[in-house]
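Subject: Structure handover

Hello,

I am passing a structure on to you, with the sequence alongside. Please open both before reading the notes underneath.

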Amino acid sequence: MQKNILFLFLFLLVLVGKSQNNLLDKKLSVELSDATIQEILENITRETGIYFSYNSRNISSPKTLTINIVDQTIDVVLKRLADEFNIEYRVVREQIVIKKIPPSSQTPHYTISGVIYDKTTGESLPGATILIKDLNKGAFSNSYGFFSLSLPQDTYTLSFSFIGYNTDSLVLELNTNQQINPELEPNFQTLGEVIVMVTENPEHINKSQTGKLTINPRQFEQMPQFAGEIGLIKSLQSLPGFQTHSDGSSFFFARGGNKDQNLILIDEAPVFNPAHLFGFYSVIIPEVAKEINIYKADMPIEKAGRLSSVIDIQTREGNIKSYSAEGLLNPLMYRFSVEGPIAKNKASIFASFRRSNLEWIYHRFSPNSDFFIRDINFKVNWQINNKNRVYFSAFNGTDNYTTPQGNGQIVGIGWSNLTSTFRWNRIYNNKLFSNLTFFASEYKYKLLIGGPSWQSGIRNVGLKYDFTYYPDPDITWRMGFSQMAYGFNPGNLTDYNEELDPLIPRVYAGDASETALYVSREKRITEKWAWNAALRTPLWINKGPARVYPLDNTYAVTDTIDYSSKETIASYLNLDFRLSARYRINTNSSLRLSMGLYHQNLHLISNTISPFSSFEIWMPSNYNIKPQKALQISAGYTRFFPQSGLEWVSDAYIKNMTNQIEYADHAPLLLNPLIESQLRFGTTHSYGLEFMLKRTTGILSGWIAYTWSGVANRFPEINENRSYPSFYDRPHEFSLFLTWRISPKTNISTNWIYHSGSAITTPVGFYSFNNSTVPVYDKKNNDRLPNYHRMDISFEWFFGKPSNRYQHSLNLGIYNLYNKQNPISLNFNKTESTPGNYNVQENLVNNQNLITTQKYLSSIMPSLSYKFKIQ
């Protein structure tokens with residue numbers, strides 16, 4: 001019996017082998033000219049009826065073959081193809097399986113590198129996609145447009161693409177290291193520069209990074225905005241994961257973090273107050289920006305120092321090929337910019353100036369007042385040679401709201417930001433890119449009170465040296481170091497009287513510093529899996545001279561310690577890490593997971609939630625203030641729909657933060673040498689789900705976003721150590737932004753925002769005392785303001801032809817279209833003296849009922865703006 005079974009098994013093997021040999025032994029004739037491998041295989045199938053199984057992307061090659069074979073076996077034909085196209089084949093179940101032979105370790109490898117440029121301006125394109133179609137592999141250009149790919153010797157088809165640009169392809173025979181600098185042509189469908197996304201998958205389908213949004217500044221330009229002027233801060237309202245304070249506020253919050261936990265960079269230099277006119281305008285305007293990258297999780301290890309978000313703005317380099325100018329005019333604001341070559345194709349300049357036009361509003365009733373906002377941007381870029389390029393950029397933003405008094409003294413407020421950056425790009429070889437950055441930043445705030453002025457501020461000088469190494473297409477190393485020096489003025493009077501005025505100790509420039517080393521490694525393991533790991537070791541040192549007041553557990557001063565110059569007061573060595581992974585489900589969707597540990601040594605002291613206040617004191621980590629810390633875990637899913645151009649992005653996160661700062665009840669912060677005794681420290685826990693559906697192609701584009709989230713604080717000395725919602729805890733947020741291109745010369749945009757009201761503390765009851773009504777309070781933030789919602793709309797008309805040198809348009813906008821009165825505060829301590837007039841109750845003889853009153857800022861506001869461009 002066993003012999004029979006063995007004989008039968010051997011007989012079946014012979015039959016199978018004979019059947020397979022019959023497939024390869026079948027004869028045919030093939031005559032084709034300049035045919036691809038797919039065309040040859042399809043011809044064989046038509047002639048013989050034999051089917052082939054293969055991955056078209058895997059075996060695809062730009063190489064063609066002229067073949068003329070008469071009455072030969074399929075095996076002979078396939079051997080010829082195997083030699084020409086580096087493939088292997090075998091028979092499996094009545095079909096022939098074709099596979100690409102992976103390159104052996106002996107196959108020589110060469111590197112393709114270069115910088116991707118805008119064809120019309122000569123500016124580099126950061127984040128552009130480089131795709132090797134033959135291998136289904138690719139890369140992305142870095143922040144300066146540089147890319148590098150190491151591949152085995154062969155012939156490849158390279159595809160270069162970028163949002164808003166036409167895709168370009170190149171067939172390259174790689175038999176030596178090669179440097180190429182592709183130039184992509186902008187896709188201008190109309191005079192209004194409607195943004196068109198290429199059909200390639202979005203960047204984050206292929207990357208493991210979570211919580212990142214890349215914004216083309218032109219997208220923000222299409223949004224209707226306050227008084228016809230675009231602002232980054234207000235635009236954040238429409239993005240998931242961000243909350244702004246209210247109308248007329250510069251404060252914004254990201255994923256449960258406080259307002260000081262957001263790092264805003266303009267060409268690598270930090271900006272400490274991004275707002276003009278208390279938040280109605282922003283210091284960052286899309287006209288100046290080349291690219292805006294927003295990170296809410298998995299923040300780049302080289303851009304650390306905050307817990308909650310990074311907003312990285314790269315400004316325009318200037319047209320290196322020709323001159324152009326553009327501007328905007330409206331009743332409240334005007335701005336102009338000019339760019340062009342200093343030396344054609346070698347060096348360029350970009351300059352922008354913006355100023356408010358508010359005088360016609362207030363000069364009637366206050367002719368001597370001086371209210372204005374002003375921005376100046378300047379940048380020079382010089383390409384020394386193919387390996388070296390330098391940039392110098394500067395920014396100054398100023399707010400001034402002052403009024404002279406009859407005695408010649410001035411009252412009012414003002415603040416300013418000043419930054420400057422020098423950068424040197426160096427390409428050491430085809431695989432190694434470096435960027436050296438030296439920057440300085442200063443923020444000043446002043447309060448003029450008719451005599452001496454109260455001033456506070458922060459200064460920052462830094463040096464960074466970053467290296468990027470590309471050993472092969474699947475691995476990228478990033479490493480570097482940074483050295484930062486800080487100076488702090490926590491608020492002092494300019495005319496200091498030693499006998500009458502308290503002195504708030506300053507931290508002089510360099511007495512607080514941070515030194516950091518960092519490294520990251522990004523690795524694509526397979527076609528589906530990729531991961532990234534990063535480490536950073538920040539060392540914070542705070543030095544004298546200073547007088548320090550140690551505090552006990554009740555925040556009472558226990559001692560006085562005087563530190564001499566350069567004597568170390570406190571030092572903190574921490575370890576930050578980032579871990580992330582990506583699983584690519586298919587060519588159009590992916591899953592991402594990340595975890596990150598963050599530390600922050602800069603603290604903004606401000607115990608007001610008033611939207612009008614820019615009253616800010618920055619302080620460093622020191623003897624009594626420990627570094628803030630956050631651990632965030634985030635997961636996301638992205639799907640791209642090529643046919644419709646739709647992209648779905650969803651994220652979930654949890655974040656725990658320690659050493660968070662709150663304040664004692666009625667804490668005096670102004671001119672208080674013991675200000676640290678008024679601080680309270682605790683924890684914050686936040687979580688959320690974010691959803692966004694967007695479309696950036698076609699006549700109807702925009703996005704819909706929804707966020708469900710929660711933020712809870714716990715401080716032992718506050719709210720009886722009970723958890724309470726943060727002021728910026730808003731469970732529900734919804735935004736809708738749509739742009740409809742009615743015709744090539746007409747555009748309509750609308751923006752609708754809805755979110756839950758901010759958490760506030762309201763009375764739980766009242767009682768009478770001495771004929772006065774007194775409110776009774778219990779839990780902190782036990783109530784909420786009414787829900788916020790607002791709709792804006794704008795109409796834009798473009799004049800002339802796209803080919804004209806002079807292009808111009810007219811924009812009619814309506815802010816708060818249906819005149820929704822969104823309150824910014826509620827009061828419970830006023831009485832109605834006469835109908836419509838409310839006063840704070842004071843020494844009333846007769847008991848009067850308290851009236852609940854509310855304040856709101858903005859009502860319906862139309863605007864008319866004229867834009868022009870000369871090129």
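The notes below go from the whole chain to salt bridges, then to a cavity and a few single residues.

**The chain as a whole**

Please keep in mind that this is a predicted model. The protein chain has 871 residues, and 54% of them are buried. Its secondary structure consists of 8 helices and 58 strands. Taking the contacts between residues at least 6 apart in sequence, 65% join residues at least 24 apart.

**Salt bridges**

The count of salt bridges comes to 31. Three pairs and one network are described here.

E287 pairs with R335, and their closest N and O atoms are 3.3 Å apart. E287 sits in the loop between β21 (281-282) and β22 (289-295), while R335 belongs to strand β25 (residues 333-343), so the salt bridge ties together parts that are 48 residues apart in sequence. Are the two partners buried or exposed? E287 has a relative accessible area of 1%, and because the cut-off for buried is under 20%, E287 is buried. R335, at 7% relative accessibility, also falls under that cut-off and counts as buried.

R459 and E442 form another salt bridge through their side chains, at 2.6 Å from N to O. R459 is part of strand β31 (residues 453-472) and E442 is part of strand β30 (residues 432-449), so this pair ties together parts that are 17 residues apart in sequence. R459 is partly exposed, with a relative accessible area of 48%. E442 counts as buried, at 18% relative accessibility.

The side chains of D562 and R547 also meet in a salt bridge, with an N to O distance of 2.8 Å. D562 is found in strand β36 (residues 561-563) and R547 in strand β35 (residues 546-548), so the parts tied together are 15 residues apart in sequence. R547 has a relative accessibility of 44% and counts as partly exposed. R547 comes up again in the section on the cavity.

Salt bridges also link E268, K303, D312, K464 and D466 in a network.

**The second largest cavity**

Rolling a probe the size of a water molecule over the atoms shows where empty space is left. In this model there are 14 cavities of 30 Å³ or more. The second largest cavity has a volume of about 330 Å³.

Which residues lie nearest the centre of the second largest cavity? They are P505, R547, M619, N622 and E676, out of 26 residues that line the cavity. R547 is thus in the lining of this cavity as well as in the salt bridge with D562. The elements that each supply at least two residues of the lining are β32 (475-493), β34 (529-543), β35 and β41 (617-620). Sorted by class, the lining has 18 nonpolar, 4 polar and 4 charged residues.

**Three single residues**

S309 is in strand β23 (residues 309-315). S309 has a relative accessible area of 0% and is buried. What does the side chain of S309 meet in a polar contact? The partner is the side chain of N262, at 2.7 Å. N262 is also among the residues that S309 touches when those up to four places away in sequence are not counted; the others are F242, F252, A254, Q261, L263, Y295 and M299.

S590 lies in strand β39 (residues 589-600). S590 is buried too, with a relative accessible area of 0%. Between the C-alpha atoms of S590 and W529 there are 9.7 Å in space, while the two residues are 61 residues apart in sequence.

E616 is placed in the loop between β40 (602-605) and β41. β41 also appears among the elements that supply the lining of the second largest cavity. E616 counts as buried, at 5% relative accessibility. Leaving aside neighbours within four places in sequence, E616 is in contact with F251, N273, Y443, W454, S456, L604 and I605. One of these, L604, is 12 residues from E616 in sequence and 6.6 Å from E616 in space, C-alpha to C-alpha.

Regards

Note on methods: Residues numbered from 1 in each chain as written. Predicted model: local features only at pLDDT ≥ 70, side-chain atom pairs only at ≥ 80, totals over all residues. Heavy atoms only, no water. Helix = DSSP H or I, 4+ residues; strand = E, 2+ residues; numbered from the N terminus. Buried < 20%, exposed > 50% of the residue type's maximum accessible area, 1.4 Å probe, protein only. Polar contact = N/O pair within 3.5 Å; in protein donor to acceptor, adjacent residues only side chain to side chain. Contact = heavy atoms within 4.5 Å. Salt bridge = Lys/Arg side-chain N within 4 Å of Asp/Glu carboxyl O. 1 Å grid on protein atoms, 1.4 Å probe; cavity = no way out; pocket = protein on both sides within 12 Å on 5 of 7 lines; lining within 4 Å. Points joined across faces, edges and corners; volume = space filled by probe spheres on them. Nonpolar A, V, L, I, M, F, W, Y, C, P; charged D, E, K, R; others polar.
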